[in-house]
Amino acid sequence: MSTTEPLRELDVLIIGAGFGGCYSLYKLRQLGLNVHVFDAGSYLGGVWHWNTYPGARVDSEIPYYQFSMPEVWRKWNWSERFPSGEELRAYFKHVDESLHLSKDITYSANVVDVKYDEPAARWTITTENGHKAVCKYLICATGSSFKPHYPAFKNLNTFQGQVIHSTRWPAVANTKNARVAIIGSGATAVQCTQEIAKEAHHLTVYIRTASISLPMFQRSMSELEQRVSKSSYRSIFAYCRKSKSGLGYDTQPGSVHDLTDQEREEFWEELWSRGGFNFNQANYRDYLVDEKANRLMYEFWAKKTRPRLTNPAKSAFLVPQEAPFAFGTKRSSLEQDYYECLDQDNVEVVDLKANPIHEITKKGIICQDGVEREFDTIVMATGFDAMTGSLTNMNIRGRDGLTFQERWKDGVFTHLGLCSSGCPNLFMIYGPQAPTAFSNGPVFIESQVDILVDLIKKLSSEGIKSIEALRGAEEQWKQAIQDANDKTLMPLTDSWYMGANIPGKKREQLNYLGGIANYERECRAALETLDGFNVIYESDKHSNGSVK
């Protein structure tokens, strides 16, 4: 790539070409704006471009996990209730062909430098390969799960076998008939374990905290079924948009304590039999605030899961009598045969709390017990610097010269989970302090982008040069999120929801808990008056800014 690439002068530059970037491009082009996308990958798809590990699969179900535009869904049919990564990559190719997105996307464009020119009210963006753009509005659609987390294992670089991080899966991975280690117990680790256990000579799974995984109940979907169900797609998408989670499940008002024991058991059996996230999302919600209700949820889960394990030691660790954490305070993974795979004779489970990793050697891993377990391949399913990592990883310097890493060193501050002080006309999609991790991605992304599109229309029609979040508004937004969090059981658990998976990261709730519909109402009310923003108009009489 030549560094003499011509400068792009734009109205809007979008970083990222996943669901957020694609929908932003689609909507903003309709306004007649000059819009372009820089994406670090070789094609669009976001997390589904990068996640090619064995068993990669979405755990939000069809029809809810897709774009709502008829020009996309009319000519697309899914093969499964929970599509694989491979099928999702094919879906994004269909999206591209249907909406003609690639003509406005530069691929292999990893952003390495972003600066704000205050007098001009323009952002300048530079990529590793020398692409350069100047824009009025900068949209960071970089997602919640991009920057991989590598734990600081001693002597990791000395291992002579293959080390793989699950987010950067190689074309050739040495797992078949091999001695494999998987480190982790989140969704990626669950999916990798289910596949690798079936082909490895021996698999060792290193788990710090046992997962409370729920049954997926995968099934195939026929073309006829989808052809008929498309008659109600518009209603389904509208219902999801008005929900908390963006999934089309009916929710239960009231408390689980309103039921008799028999009524509760019958209801929970019904939810369990549906699979997916029905057991938690379509349930009474008091399990997130009431310890007794939470305990009942765990006991039901354990009763359904424990019989699937025949090895007593594995059963005691993976389905303990006492919950490893409050149900729902870590993200439940969806599984198909995870517990049967862990129960296999060729699979060993290592409890990292009782026996932490001491060091990596040339041949394998030594834990605190002093035993060297030898491997051909080590798989790091150790997750992401979630919610904030994609933003702190880029060298984005705002009006004040600070990067996000510097700006958020003492915790995250945003206004509406959309804007940041020091960064005029910069907007975050599917980022921190929004419903991000507690929502079905495509539904929430469309909601948030629609809010942003309407905001840009307003700024243009009212002759506004720039808006910038005020620190006071950020402090109020942050405090409201933490206050809501403190009313739940969430603070009792170290999780990536709380930023607790990354050493040195401030422990705080990184997500808005009120759901998609409430979030949209709050945003639209604030943006109607531009409350909480410093507003600078194009006209001279307002040139010093107007604080709202």
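So, let's start with the second largest pocket, which comes out at about 750 Å³. Keep in mind that we're looking at a predicted model here. Which residues sit closest to the centre of that pocket? They are S245, Q281, R285, L288 and F438, out of 34 residues that line it. If you sort the lining by class, you get 15 nonpolar residues, 14 polar ones and 5 charged ones.

Okay, on to the sheets. Strands of a sheet pair through backbone hydrogen bonds, and they can do that in a parallel or an antiparallel way. We've got examples of both.

Take the open sheet of 5 strands. Reading across, the order is β7-β16-β8-β9-β12, and the pairing is parallel. Which strands stand at the edges? That would be β7, residues 162-165, and β12, residues 347-351; each has a single partner strand, so one side of each has no neighbour in the sheet. Ignoring direction, neighbouring strands in this sheet are turned by 15° against each other on average.

Let's zoom in on one pair in there. β8 covers residues 179-183, β9 covers residues 202-207, and 5 bridges join the two, running parallel. If you want a spot to click on, try V180, which stands opposite L203 in β9. Now look for a helix on top of that: α5, residues 187-196, lies across β8, β9 and β16, and it runs at about 165° to β8.

Next, the antiparallel example. This is an open sheet of 3 strands, in the order β13-β14-β15. Its edge strands are β13 (357-360) and β15 (372-374), and each of those pairs on one side only. From one strand to the next, the twist averages 25°. Between β14, residues 364-367, and β15 there are 3 bridges, in the antiparallel sense. One residue pair to find there is I366 with its bridge partner E372 in β15.

There's also some pairing to see around β1, residues 8-15. How many bridges join β1 to β6? The count is 7, with β6 spanning residues 132-140 and the two strands running parallel. In that pairing, V12 has Y137 in β6 as its bridge partner. β1 also pairs with β2, residues 35-38, again in the parallel sense, over 4 bridges. There you can look for L13, which stands opposite H36 in β2.

Right, helices. Two packed helices are described by the angle between their axes and the distance between the axes. Our pair is α15, residues 441-461, and α17, residues 516-529; their axes come within 10 Å and cross at roughly 10°. Angles under 35 degrees count as roughly parallel, and α15 and α17 are therefore roughly parallel to each other. Who meets whom? On the α15 side, the residues include V443, F444, I451 and L455, and on the α17 side they include I516, Y519, C523 and L527. There are charged residues in the contact as well, among them D450, D454 and K458 in α15, and E520, R524 and E528 in α17. By class, this contact has 8 nonpolar, 2 polar and 6 charged residues.

Last, two backbone details in loops. I62 and P63 are joined by a cis peptide bond, with omega at about 20°. You'll find P63 in the loop between α2 (47-50) and α3 (70-73). The other one is N425: this residue isn't a glycine, yet its phi is positive, about 60°. N425 is in the loop between α14 (404-407) and β18 (426-428).

Notes. Residues are numbered from 1 along each chain as its sequence is written. This is a predicted model: local features need pLDDT of at least 70, side-chain atom pairs count only at pLDDT 80 or more; totals for chains, interfaces and linings use all residues. Side-chain values use heavy atoms; hydrogens and water are left out. On a 1 Å grid over the protein atoms alone, a cavity is a set of points where a 1.4 Å probe fits but cannot get out, and a pocket is an open set with protein on both sides within 12 Å along at least five of seven lines; lining residues have an atom within 4 Å of a point. Grid points are joined across faces, edges and corners, and a volume is the space filled by probe spheres set on the points. Ala, Val, Leu, Ile, Met, Phe, Trp, Tyr, Cys and Pro count as nonpolar, Asp, Glu, Lys and Arg as charged, and the others, Gly among them, as polar. Two strands pair if DSSP finds at least two bridges between them. Axes are lines fitted to C-alpha atoms, for helices over the stretch in contact, and angles run from 0 to 180 degrees between N-to-C directions. Contact means heavy atoms within 4.5 Å. Angles under 35 degrees count as roughly parallel, over 145 as roughly antiparallel, 65 to 115 as roughly perpendicular and the rest as oblique.
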